[in-house]
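Hi there,

Here is the structure I promised to pass on. Please have a look, and then read on for what turned up in it.

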Amino acid sequence: TLFRSKTGWAVLISSPGSYIVECYGRTEQIHELEGEYPKRVLDWAHACFFAIEKLIDSYKPNVIVIEQTSKGSKASKTQKLLEWVHYLLADYLVGNKIKNVYLQTGEWRKLVGSKMTNDEKARNKYVKEYKAKYLKEHPEDKFTFGKDGKEKKKAVVVYDEQGKRIGKVGKKNVSVRTANEIFGKQLTKELLRKDEDTAEALLLAYAYHTRKMNEVQKA
C-alpha cells in the first residue's frame, strides 16, 4: 500500500500583547512513489522537505516552531518518513542558522488550553455506552469481513437523542475547535475537522507566542 503525506503551516506575527495571523494553509498531498526501499522513502522524504523549504524561503520567518515527533505514534512507514523529514529539516535549519523551537505535543496543548470540555467528555461517554449496549443486544454485528476475507471489528453507527449521527470527540476535533476560538475573525472561514493540520499549525505558533509572553511577564 502506498501512502501520502501533508503538513499544516501558519505564519503568525507576534508582538507584546498581540498576535496577527499573516497566512496559513496546508501543503499539497505528496504521494509515496513506487520503487525499492530505502530509496522510495528517501525520495518521499526529500519531496516533503522541499515543500517545507519552499515555504521557509517564501516567508522567511524569524523563528520556526515545530512539533516534536512522538515515537510510535504512527504506522511504521509514516513514522519513518516523519523522522527522515525532521532530519532533513533540522540539517537545513542548523546549516542556515535559522532560529527554531521544538515543542512536545502535550506542551503546546497545555500552553494554548487545548483540552476537552465537559460536554465533549459527556458525548464521548454517551458514544461509548451506546456502542457497548448495541453490541450486547446485537452480538452478531460485532465482526464483519474485509475485502481480504479477514475478520475485523464492525463499525457501530451512533445516533444522539435527535437522531443525528455522531462520533467520539478526539484530540484533533479539540484542536480545530480551539483554533477557531482563539483566532476567530482572523480566519478567512471557520476551520473544519478536515483542517486539523492547519489548526494545529496555528496552535503551535500561538503556543510559542504564549510562552514568549509568559517569559516576558516573569522577567
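What covers the buried residues of α5? Before the answer, please keep in mind that this is a predicted model. The cover includes the strands β2 (8-15) and β3 (18-26), together with the helices α3, α4 (118-137) and α6. The buried residues of α5 themselves are Val-174, Ser-175, Val-176, Thr-178, Ala-179, Asn-180, Ile-182 and Phe-183.

The length of α5 (residues 171-183) checks out too: at 1.5 Å a residue, its 13 residues should span 18 Å, and the end C-alpha atoms are indeed 18 Å apart. Just after this helix comes Gly-184, with a positive phi of about 45°.

Two of the covering helices also meet each other. The axes of α3 (residues 105-112) and α6 (residues 196-218) come within 8 Å and cross at roughly 70°, an angle that falls between 65 and 115 degrees, so the two helices are roughly perpendicular. On the α3 side, the contact is made by Glu-107, Trp-108, Arg-109, Leu-111 and Val-112. Their partners in α6 include Leu-203, Leu-204, Tyr-206 and Arg-211. Sorted by type, the residues of this contact are seven nonpolar, two polar and four charged.

Finally, a strand to look at: β5 (residues 63-67). Ile-64 and Ile-66 form its covered face, while Val-63, Val-65 and Glu-67 lie on the uncovered one. β5 runs parallel to β6 (residues 99-103), and five bridges join the two. In this pairing, Glu-67 is opposite Leu-103 of β6.

Happy browsing, and best wishes!

Notes: Residues are numbered from 1 along each chain as its sequence is written. This is a predicted model: local features need pLDDT of at least 70, side-chain atom pairs count only at pLDDT 80 or more; totals for chains, interfaces and linings use all residues. Side-chain values use heavy atoms; hydrogens and water are left out. Axes are lines fitted to C-alpha atoms, for helices over the stretch in contact, and angles run from 0 to 180 degrees between N-to-C directions. Helices (H or I, at least four residues) and strands (E, at least two) are DSSP runs, numbered from the N terminus. Angles under 35 degrees count as roughly parallel, over 145 as roughly antiparallel, 65 to 115 as roughly perpendicular and the rest as oblique. Contact means heavy atoms within 4.5 Å. Ala, Val, Leu, Ile, Met, Phe, Trp, Tyr, Cys and Pro count as nonpolar, Asp, Glu, Lys and Arg as charged, and the others, Gly among them, as polar. The expected span of a helix is 1.5 Å times one less than its number of residues. Buried means under 20% relative accessible area, exposed over 50%, partly exposed in between (1.4 Å probe, protein chains only). Two strands pair if DSSP finds at least two bridges between them.
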